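Visitor: I should like a close look at a single part of this model, namely its pocket and the helix beside it. Please describe it in one connected account.

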Amino acid sequence: MGDVQESKQKKKFVELYEKHKLSPTEELIFKPHKENGLKNLTRDEIEKYLSLDIKALKKTKMNIKTIIIAEKTQKFLVENKQKLLNKIKEREEKENER
């Protein structure tokens with residue numbers, strides 16, 4: 001009986017995980033707000049972030065707090081894009097030297 005109960009618990013965990021799992025867009029939105037901040041982003045991710053359509057996100061069922069975070073971060077990225085790209089370039093050059 002222990003195996004049956006364990007199997008039910010695993011199934012319930014998987015169902016809960018799938019229900020609360022972040023979409024790829026949400027993962028991109030929250031990535032700069034994790035440990036190491038903007039250093040986590042690559043050139044491609046910065047471009048994807050800048051191309052997010054905030055108005056379209058507002059029409060989805062996405063949490064409004066998430067949309068506000070995306071909007072404010074996008075605004076910051078627009079203002080500081082060149083600085084960030086320069087830092088990424090420096091980081092890539094350092095990695096290539098090793």
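Guide: In this predicted model, the largest pocket is lined by Leu38, Lys39, Leu84, Lys87, Ile88, Glu90, Arg91, Lys94, Glu95 and Arg98. The volume of this pocket is about 290 Å³. By class, its lining comprises 3 nonpolar and 7 charged residues, with no polar ones.

Among the lining residues are Leu84 and Ile88, and both also belong to the part of helix 5 that meets helix 3. Helix 5 covers residues 64-97 and helix 3 covers residues 43-50; their axes lie 9 Å apart at an angle of about 160°. An angle over 145 degrees counts as roughly antiparallel, and helix 3 and helix 5 are therefore roughly antiparallel to each other. Their crossing is left-handed.

On the helix 3 side, the contact is made by Arg43, Ile46, Glu47, Tyr49 and Leu50. Their partners in helix 5 include Ile69, Ala70, Thr73, Gln74, Leu77, Val78 and Lys81, and further along Leu84, Leu85, Ile88, Lys89 and Glu92. The residues of this contact divide into 10 nonpolar, 2 polar and 5 charged.

Key:
Residues numbered from 1 in each chain as written. Predicted model: local features only at pLDDT ≥ 70, side-chain atom pairs only at ≥ 80, totals over all residues. Heavy atoms only, no water. Axes fitted to C-alpha atoms, helices over the stretch in contact; angles between N-to-C directions. Helix = DSSP H or I, 4+ residues; strand = E, 2+ residues; numbered from the N terminus. Parallel < 35°, antiparallel > 145°, perpendicular 65-115°, else oblique. Left-handed = near helix turned anticlockwise from the far one by under 90°. Contact = heavy atoms within 4.5 Å. Nonpolar A, V, L, I, M, F, W, Y, C, P; charged D, E, K, R; others polar. 1 Å grid on protein atoms, 1.4 Å probe; cavity = no way out; pocket = protein on both sides within 12 Å on 5 of 7 lines; lining within 4 Å. Points joined across faces, edges and corners; volume = space filled by probe spheres on them.
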